[in-house]
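Q: I am new to this structure and would like a close look at a single part of it. Please keep the account plain.

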Amino acid sequence: MTERAWTGPGRRTLLGAAVLGPAALGISGTANAAGRGAADAKGAGHRPLRGLPVPTVIGHRGASGYRPEHTLGSYQLALDLGAHIVEQDLVPTSDGHLVCRHENDITATTDVADHPGFASRRTTKQVDGVTLTGWFTEDFTLAELKTLRAKERIPGNRQENTLYDGRWEIPTFEEVLRWADKEGRRRGRHVWLYVETKHPSYFRGLGLGLEEKVARLLRRYGRHRADSPLILQSFEPSSIQRLAELVAVPRVVLLSGPKERPWDFVEAGDPRTVADLVEPAGLKWIASFAQGIGPTLDLVIPKDASGRLTSPTTLVADAHARGLILHPYTMRNENTFLPADFRRGTDPNAYGDAFGAFRTYFGTGIDGVFSDSPDTALLAAADFGED
């Protein structure tokens, strides 16, 4: 029986339960020292975040491998499967509320196109230098967005997820904070959240600055302290710097392709690229206002022209030497998203050897990983801890 054949909710729940015990005990950095190898040898200044096991499994947009992303259903399943942290991406409404969407363009993730009353809202915009045509959260009030329903973003790859189209509305960040507090009380432990400010310079230019809104909500719900069970993240370093002045929670700078420049750098005329930021001097600069980085997996192990993994870079050791944690993104189970080394069969949407890929990435010494399938990631982390 293939893995794809047994991915029903009941089986996934059992897999999550199977790893809750080891995960709750914590797969410590010490326990994994042998598996980490030389990557951590130079990381004398590196300290994992308190209360989080290593490797940390982050439910990417919830459990988006099984439910439409950024819905309470996706978040709940990620938590039920045992994810150590559940991720939210934040964008604003026209009346200043923060909602959870991966992008402000909601064309592919909601049923907005099926609402004739909103047909005139379809427009073309430049967002961080990219031309997009569709519907955007900043053109809707919260009340209007609440009339929409979420749907699967990539139905061609995840046909099973379309079963849940229309089941959930777009959650606000405040609703997620309430949900996390409620689940924390029910489970007797903190529920960790991983919160990203999306396109912060773009929204600040519209008078919809994100950081102050985020900080206000974090203070309201008691998640603004250094020991709060929450991590802030952004692709724009200036957003993280601004947040550092407002709240004390841990912060992570996200890093895309080596040739790319953060959009705030583009607007400020800063010539540095991601390749500059992953050099020792760039990492030292990041460490002056953040506790970690979230690089693409390709910055940890590049791929060749055929999509196969090559040799690891020195990024893990270099970041650890400057006291930074590494939470790369994103692991997915389907062949089309895996390195060519771990694809199995000819169906791009079938599951490949995700466990082999996890083992290879964990072996570099990363502190955790974003995954669309937290149950798979948790089993892989447990396996790694036993090596």
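Which backbone oxygen lies 3.0 Å from a polar atom of the side chain of glutamine 88?

A: The model is a predicted one. The backbone oxygen in question belongs to valine 86, and a polar atom of the glutamine 88 side chain lies 3.0 Å from it. Glutamine 88 is part of strand β2, which covers residues 85–92. Its relative accessibility is 0%, so glutamine 88 counts as buried; the cut-off for that class is under 20% relative accessible area.

The contacts of glutamine 88 fill in the picture. With neighbours within four places in sequence left aside, glutamine 88 is in contact with His70, Tyr75, Cys100, Val176, Leu193, Tyr194, Val195, Glu196 and Gln233.

Two of these partners lead on to the nonpolar cores. Leu193 is among the residues with the most contacts inside the largest nonpolar core, together with Leu218, Leu232 and Ile293; that core has 86 residues. Apart from it lies another core, of twelve residues, and Tyr194 is one of its members, as are Leu49, Ile231 and Tyr329. Glutamine 88 is thus in contact with Leu193 of the one core and with Tyr194 of the other.

Ile293, also named for the largest core, has its own set of partners. Not counting residues up to four places away in sequence, isoleucine 293 touches Val252, Val253, Leu255, Leu283, Ile286, Leu315, Ala319, Leu324, Ile325, Leu326 and His327.

For a contrast with buried glutamine 88, take aspartate 383 in helix α15, residues 374–386. Aspartate 383 is partly exposed, with a relative accessible area of 40%.

Technical notes
Residues numbered from 1 in each chain as written. Predicted model: local features only at pLDDT ≥ 70, side-chain atom pairs only at ≥ 80, totals over all residues. Heavy atoms only, no water. Core = buried A, V, L, I, M, F, W, Y, C linked by side-chain atoms within 4.5 Å. Buried < 20%, exposed > 50% of the residue type's maximum accessible area, 1.4 Å probe, protein only. Contact = heavy atoms within 4.5 Å. Helix = DSSP H or I, 4+ residues; strand = E, 2+ residues; numbered from the N terminus. Polar contact = N/O pair within 3.5 Å; in protein donor to acceptor, adjacent residues only side chain to side chain.
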